[in-house]
Amino acid sequence: RGSRPRAHNTTINNMTTNPLDVTVELTKVLGDGRFRALLKQLRQELSSSSQCRNTALLAEVEERVAQLDDIMSHYDDGFCAGGNSGDWQVSSRSALSSPSKARRLLAGGGGAQQQHEMQSQWADLPAHLAKEILEHVGWSPKVSQVFRSVCRGWRDVHAATVPRLYLRRSVPVDMYLRRRFAAVRTLELRTDDVDLIRGLGALTALTSLLVECVGRAPDYSMGIALADLASLSRLTSLSTLKLWGCSRLNDSGDSNALARTLGPLSTNLTSLNLGDCRGLSDEGLGFLSGLTALTELSLLNTRAARVGLQAITSLTGLSSLTLRSYPYVAIEKEYIAALAAPTCLTYLDLQLYNGGSDEVLRAISSQHKALVHLSLAMWSSTDSHVLAESLTPLTNLVTLDLRHTKVNGETLRALAAAPLAALVSLRMDRCPDLDEDGLRAL
């Protein structure tokens, strides 16, 4: 009933919006061309028996799509200019030249009867069909907003089937999340609500949990502590866990605290992001060696040093690794060993703030020729000749970040001569040694 979002506490009655209103709202969100393309695509999918073998469902979807297609044809590619179903305005020339079929359909006694029939057909939309529709449009937030605004029944169906939820406020876990959004498998939170975090253990069906801490105090006096994460050990179905910016996660005095919480997740956990969790000690990060199923790991701005890097040598299946902030030159050997362990790296982010190492770069070049993304930003001490020598063998690169490095004309000429046919993004912000000849060659 219009594109403005409703407040979460607005009372919604059980009256069903006219299907023409719904169709035009969806057309506004998706665009007329895309809406028609979706209808055509859905019809094509329905005609293929390999797509779905549930004949009853196919017949039901076909009937509903036919209704949508019929409604669309009523206003002949017109764009809704506003108004309710009784005073519809359409902007196409064919519609303006004579009363639209849709307007005639909704006017008069016969139209009212047909409108009532159309409403009753849409009011009892089955949950499984609603899910098919939402999956078909990719659970778009805008489409979901329109879908939820139709009536209470549709709102409840949406809540019961939505697989991903993003929250920026405090909610009761048991009543709001576990019961109302029972199908949620991916939960994204931007909060420091300790009670909410402590209750997450009840959501045992979650497969992805992303927590971004907000309102961090400089003295770490506020926010989520390690003790608040204890219930996460019950989420054994988790495959993705992100704890971003949780600066109060401090394991001083108990280096096994993180292992007790995340250790039980080792079987299914494939992606872990502890970015900006600066309170975790190097010793505490040693538990990573037990997470052998990991394929993605981010230790951005953490205190990973000898023990943490040693743990990474056990993670041979990593395809993505972020180790920004090179800890100490004194542990170069451990750093090289950590980078050498994964056998199938395609994403590597090593942004540094205190220089770089020629040996580390040579190790990357010789061992990870399948890299698709590489970031060497802030490698300000690496020689331009070494850069050129190390980058040219990486022929699969799609994105390359060389900000704040000594890249110069020689480096660019070497890159231009190399078969880097897949490269689509190259960043060279604040590289003072660039010259015009090198840029021409590139």
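**Reading cysteines and strands**

Modeller: Let's start with a cysteine without a partner: the sulfur of Cys-277 is 4.8 Å from the closest cysteine sulfur, in Cys-246, and that is too far for a bond. Before we go on, this is a predicted model, in which local features need pLDDT of at least 70 and side-chain atom pairs count only at pLDDT 80 or more, while totals for chains, interfaces and linings use all residues. Residues are numbered from 1 along each chain as its sequence is written, and side-chain values use heavy atoms, with hydrogens and water left out.

Biologist: Which cysteines does a disulfide join here?

Modeller: In general, a disulfide is a covalent bond between the sulfur atoms of two cysteines. Here the term is used for a pair of cysteine sulfur atoms within 2.5 Å. The structure has one disulfide, linking Cys-213 to Cys-246 with an S to S distance of 2.4 Å. This link is right-handed, with 80° about the S-S bond.

Biologist: Which parts does the pair tie together?

Modeller: Helices (H or I, at least four residues) and strands (E, at least two) are DSSP runs, numbered from the N terminus. Cys-213 sits in the loop between strand S3 (208-212) and strand S4 (240-244), and Cys-246 in the loop between S4 and helix H12 (257-262), so the pair ties together parts that are 33 residues apart in sequence.

Biologist: Is Cys-213 buried or exposed?

Modeller: Buried means under 20% relative accessible area, exposed means over 50%, and partly exposed is in between (1.4 Å probe, protein chains only). Cys-213 and Cys-246 are both buried. Cys-277 counts as buried too, at 0% relative accessibility, and so does Cys-431, at 8%.

Biologist: How do I read the side chains along S4?

Modeller: In a regular strand the side chains alternate between the two faces of the sheet. In S4, Leu-241 and Leu-243 point to one face and are buried, whereas Thr-240, Lys-242 and Trp-244 point to the other and are not.

Biologist: How many bridges join S3 to S4?

Modeller: Two strands pair if DSSP finds at least two bridges between them. S3 and S4 run parallel and are joined by five bridges, with Leu-209 opposite Leu-241 in S4. On to strand S5 (residues 271-273): it pairs with S4 in the parallel sense over three bridges, and Thr-240 stands opposite Ser-271 in S5.

Biologist: Through which helix does the chain cross from S4 to S5?

Modeller: A crossover is right-handed if, with the strands pointing away from the viewer, the path from the first strand over the helix to the second runs clockwise. The chain goes from S4 through H12 to S5, and this β-α-β crossover is right-handed.
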